[in-house]
Amino acid sequence: MLEFTKIQGNGNDFIVIDNREGSMTSPDLSRLAASICERRQSVGADGLLVVEMSERENFTMRLFNNDGSEGEMCGNGARCIARYAWEKKIAGEKMSFETLAGPIHGVVTAPFVELDMGETNLSQGFWGQSLKVEGETFPFVYLVVGVPHCVLFVDNLEDFSHDSLRDIGRTVRYDTHRFPKGTNVNFVQRSGERTLKVVTYERGVEDLTLSCGTGSTASAIAASIVWEMAAPIQVQNPGGDNWVTVSFNETRSICKTYLTGKTVMIAEGRLYDEALPKDIE
Ligand SMILES: N[C@@H](CCC[C@H](N)C(=O)O)C(=O)O
């Protein structure tokens with residue numbers, strides 16, 4: 001039986017397993033993610049987070065989306081795995097861990113976790129462009145915050161139904177002419193002097209999720225440049241709020257961000273062998 005923990009950050013939910021002994025290979029983990037994350041058929045989650053050994057930091061975080069693809073980084077997932085590592089005494093309240101997008105530093109003040117999200121190179125983004133989907137024109141910004149993010153600016157999220165946000169998100173996500181690696185898609189409305197409402201379509205989940213940490217960060221970076229919004233920026237997601245602090249270097253070509261939000265430890269469990277994919281046993 002496979003031991004797991006379920007944790008959520010603003011309704012972005014994850015199954016966490018400890019693979020520090022290295023018993024599962026990457027193909028095993030990808031198949032496990034696609035199976036264990038399937039809602040109704042198994043435990044169900046947006047993604048599988050895996051703790052592995054690291055020579056440089058306290059541990060390594062790997063994220064497999066619920067379609068089995070591996071993502072380079074996951075903001076809410078990183079907050080959840082930091083909480084897990086602290087709860088399981090894998091690391092102290094201040095920790096650092098490796099990701100495919102570089103090292104992340106975190107501070108756990110349960111139930112909140114603050115992450116130093118590192119630097120984002122703004123000159124590698126797209127600025128001042130717009131795109132047209134289903135008859136609507138959206139000004140947008142494209143940025144890589146560990147994973148690719150398109151930030152679409154909207155006047156009022158309530159003008160769009162859930163299904164139309166999902167359909168527009170899916171069209172933009174697969175616009176590989178503009179975004180060769182595909183992209184996560186954030187619909188962003190300014191809701192106050194320092195507040196944003198954000199709904200995200202996630203690559204790898206292939207649906208709207210209740211929150212996305214890197215999406216909250218990309219949206220806050222875009223808002224702090226396009227709308228000159230001052231930090232900390234409160235990002236209101238359908239599943240809860242993230243707070244993002246953004247600061248720039250002198251030439252404003254690089255920005256540094258911190259992401260804070262709540263985590264909830266949901267359950268500990270053991271997956272029966274019959275629920276494991278056939279070739280992992
Ligand atoms: N939910 C995440 C992002 C996860 C990765 C993403 N779906 C991708 O592979 O591009 C977050 O909180 O940042």
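**Where domain 1 meets domain 2**

Ten residue pairs, written 10 in the count, make polar contacts across the interface of domain 1 and domain 2, with both partners at pLDDT 80 or more. A polar contact here is a pair of N or O atoms within 3.5 Å; within protein, one must be able to donate a hydrogen and the other to accept it, and residues adjacent in sequence count only if both atoms are side-chain atoms. This is a predicted model, with local features needing pLDDT of at least 70 and side-chain atom pairs pLDDT 80 or more, while totals for chains, interfaces and linings use all residues. Numbering runs from 1 along each chain as its sequence is written, and side-chain values use heavy atoms, leaving out hydrogens and water.

**Charged link**
- The rule picks up one salt bridge across this interface (a side-chain nitrogen of Lys or Arg within 4 Å of a carboxyl oxygen of Asp or Glu).
- Arginine 203 pairs with glutamate 72 in a salt bridge, with 3.1 Å between the closest N and O atoms.

**Layout**
- Domain 1 covers 2-111 + 264-280 and domain 2 covers 120-261, with bounds from an automatic or database domain assignment.
- Taken over C-alpha atoms, the two domain centres sit 24 Å apart.

**Contact and buried area**
- On the domain 1 side, 17 residues touch 22 residues of domain 2 (heavy atoms within 4.5 Å).
- The two domains bury about 1300 Å² between them, 44% of it on carbon and sulfur atoms (accessible area, 1.4 Å probe, lost on being put together, summed over both parts).
- Asn10, Glu72 and Arg79 supply 38% of what domain 1 buries against domain 2, more than any other three residues.
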